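Here are a few short exercises to work through with the model open beside you. Take each task first, then follow the solution step by step.

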Amino acid sequence: MQLNIKQRFTVVAIYITLILGIGYYFSNDWQFLLDTNNNLNAVLIATGLSLILSVYITEPYFSKPVDVITRWIAIFLFLIGLNSKQCLSLAIFWYWACAIFIFLGLFLIFLHGFKKFEKQQRIATDFICKISRPEIVFTILYFDIVISFFRFNKQEYPLLIGFGFLLAINKPIIWFVNFISKQIKNINSLSGPIIFVGNIIGHDSTDLYKVEIETDNPFRQLELKGKLVYLENNTNGVVGIIIREQILVGKKWLEVLSLRDLNKNLISFDLKTLLPLIGEKSIFSKSNSVYLLNIKDLDEEARNSINSNKINANFKNLIGIVWEGSSINKIKFNKLFSDELQKERGIGEGSIVQTVIANEDVLYQIIDARTDEETLEFKDTHGFTIGTAQKLGKYIIDSNELNTVKWLPEIYTPIFLLDPLEIKYDANCFIGKLPNTNYGIPIKAPYELVTHNTAILGILGIGKSCLTFELFKKLVETTEVKIFCIDLTNQYSREIPKYISPNLVQIEFNSVSIKNLKSNNLDGNPDNPSTWGNEELYKQTIKTEIDSFIASTSRVITINPDLHNVSKAGSQFKITHKVELSPAEKVRIISERLIIHASSLGETADARYLIVFEEAHSLIPEWNSIANEGDKIATNGTAKVILQGRKYGLGSFVITQRTANISKSILNQCNTIFALRVFDDTGKQFLENYIGADYSNLLPTLEERHCVAIGKAMKLKQPVILELNNKDDIQIS
């Protein structure tokens, strides 16, 4: 019986009118109302009126044991006062029923609280309450009285029997009341600014309501998302905004979010005067009706409250509301944004969104999404998308820093696509920015790029080298570090002068030293390995060249070990040939000469020297990727240098496209990570330890000039997808 209180009273009024009409028609006066000896009084007043009052007013939903006792006592007293009770067909049944149900009701009340019989009590209570429902008891009594007293009356009998069936069925009267109610609402919607939309059928929180639009409502066919409505609250209206629409076969459901003012009170106003009300806390609606709101009809104060509400003012950027399953570090949200907004703003992985935690604006980054389905009604289902966003923190513009904000937003809190303030972004001051914003992320401690080591990982041609050169530029501008670039590709010698003044860049070692290496690469005594090749000369040459570079004004040197003609004895005994030193072995020699020089200067917390391993998978390979045993020994030697180098101000950059083939003992020392697009599972699994599974899964789909960054040098406490600078904004030529 889907009737509100107004409709129930209307049904009662119709039945009372029918009772009065039938009684007056047969008796031609009103005496039957008070004359208990009149059989019409028994059937219409004592029975019919009791039935409709019980069903629609006193017990519309359920009965209690006390109601059962009261009802059967009333029936018993009615039977005693009935003058023609000897003519009542089921009189004996009614006396026994009164005695049994009164006794059972009293007995169950007496047993209440006895836990030993709690289950039996529930069963017995449910039985007597259902059997004693007014629509059952009074309907049987009504027909018993009619059949007993009026079966020989040709006029009264068929009409009273028909009226009894009307009481039992109810449907025609209920349909009539619902029909009239809808017509009144439609008339109101056509005669003034009040336009009926639908009725509230439930709510998920104090602010989120579900509204149903019936099939015959013309608004079912219109797009209502973003429209302001008011939810009827007795004589008051509480302002809300439609945030979502769900289509069913015969209906349409809306989700409405109520709006609050700056003091967190619901924005409410008087429906008659349209004046704002203060301090409304919740909705207790008589009719649960929802109407479209024309803000122009409201008082200026109410209009200002609505227009200043963040949800209404920024509705175009609303992308969802906080959903179940959110945690302190990540939130789930129900996708609400349109395809047009997605196309316009490029919403997707990496997008920055904003919500509120304890009145503080907090940034999150979208990292994942999944589709799901819910059952709305019967077999109607609705598909939806649940996004996942990682907490970044509160962005402080003055310090260009993400500060931690504790806890998590309340469920159903609105989430907006970040629409940042118009702030200036200077690529020379930052390494990148939050995607599609001007919120820059700087290198807060450039020297820690060196002292705590840095890894730049990604596939070929994705921008690793450009990022590396930009970091060089920032190191040269902010520190005194000397940079040793070991590059087998010769790319560095061509590109670095575009980022750093050529006067500060040295290309390779002294040409005379390189020629000297080649001319002294000789065969020796078959029994003396040290006389073969020029490895010892190479060590001395490296020491000399390092000392020379450090003493010069240059800041960056590019070194290609493949250009260094260095060999050693091919065996330890009966030597017959030389073997060329591999790049890994040459790198070990360079690294060891460098740490010897650094250690001679004593310990320091500052950054002195940086070794850059370009194509690191060839220079410091993993044990299962080595070409010979010498590479394994060489890589272990280089790793030892990296492990010990920090206390002498020596650090490294590891740049590679093949994470699986690089020494993990060295890679594990990298405290700052820039992960660009990566496809191989080994690389993703390794990076998962640093950036988590969610960000690791995003690596294959990262856009160009985007990376996942984390590390001490940037003061980032969690991984962040960054949009890297365009090289045209960084290069000096």
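**Exercise 1: A residue and its partners**

In this predicted model, the side chain of Gln731 forms a polar contact of 3.3 Å with the side chain of Tyr499. Task: find where Gln731 is located and which residues Gln731 touches, leaving out those up to four places away in sequence.

Solution. Step one: look in the segment after strand 28 (716-724), where Gln731 is found. Step two: list the neighbours, which are Lys498 and Tyr499. Step three: return to the side chain of Tyr499, the partner in the polar contact at 3.3 Å.

**Exercise 2: Helix 17**

Task: compare the reach of helix 17 with the expected value, then say which of its residues are buried.

Solution. Step one: helix 17 covers residues 583-600, which is 18 residues. Step two: from first C-alpha to last, helix 17 reaches 26 Å, close to the 26 Å expected at 1.5 Å a residue. Step three: pick out the buried residues, among them Ala584, Val587, Ile590, Leu594 and His597. Step four: move past the end of helix 17 to Gly602, which has a positive phi near 90°.

**Exercise 3: Two cysteines and the whole chain**

Task: decide whether Cys485 and Cys707 are buried or exposed, and count the disulfides.

Solution. Step one: buried means under 20% relative accessible area. Step two: Cys485 has 0%, so Cys485 is buried. Step three: Cys707, also with 0%, is buried. Step four: the disulfide count is zero. Step five: for context, 51% of the 733 residues of the protein chain count as buried.

How values were computed:
Residues numbered from 1 in each chain as written. Predicted model: local features only at pLDDT ≥ 70, side-chain atom pairs only at ≥ 80, totals over all residues. Heavy atoms only, no water. Disulfide = S-S within 2.5 Å. Buried < 20%, exposed > 50% of the residue type's maximum accessible area, 1.4 Å probe, protein only. Helix = DSSP H or I, 4+ residues; strand = E, 2+ residues; numbered from the N terminus. Expected span 1.5 Å × (residues − 1). Polar contact = N/O pair within 3.5 Å; in protein donor to acceptor, adjacent residues only side chain to side chain. Contact = heavy atoms within 4.5 Å.
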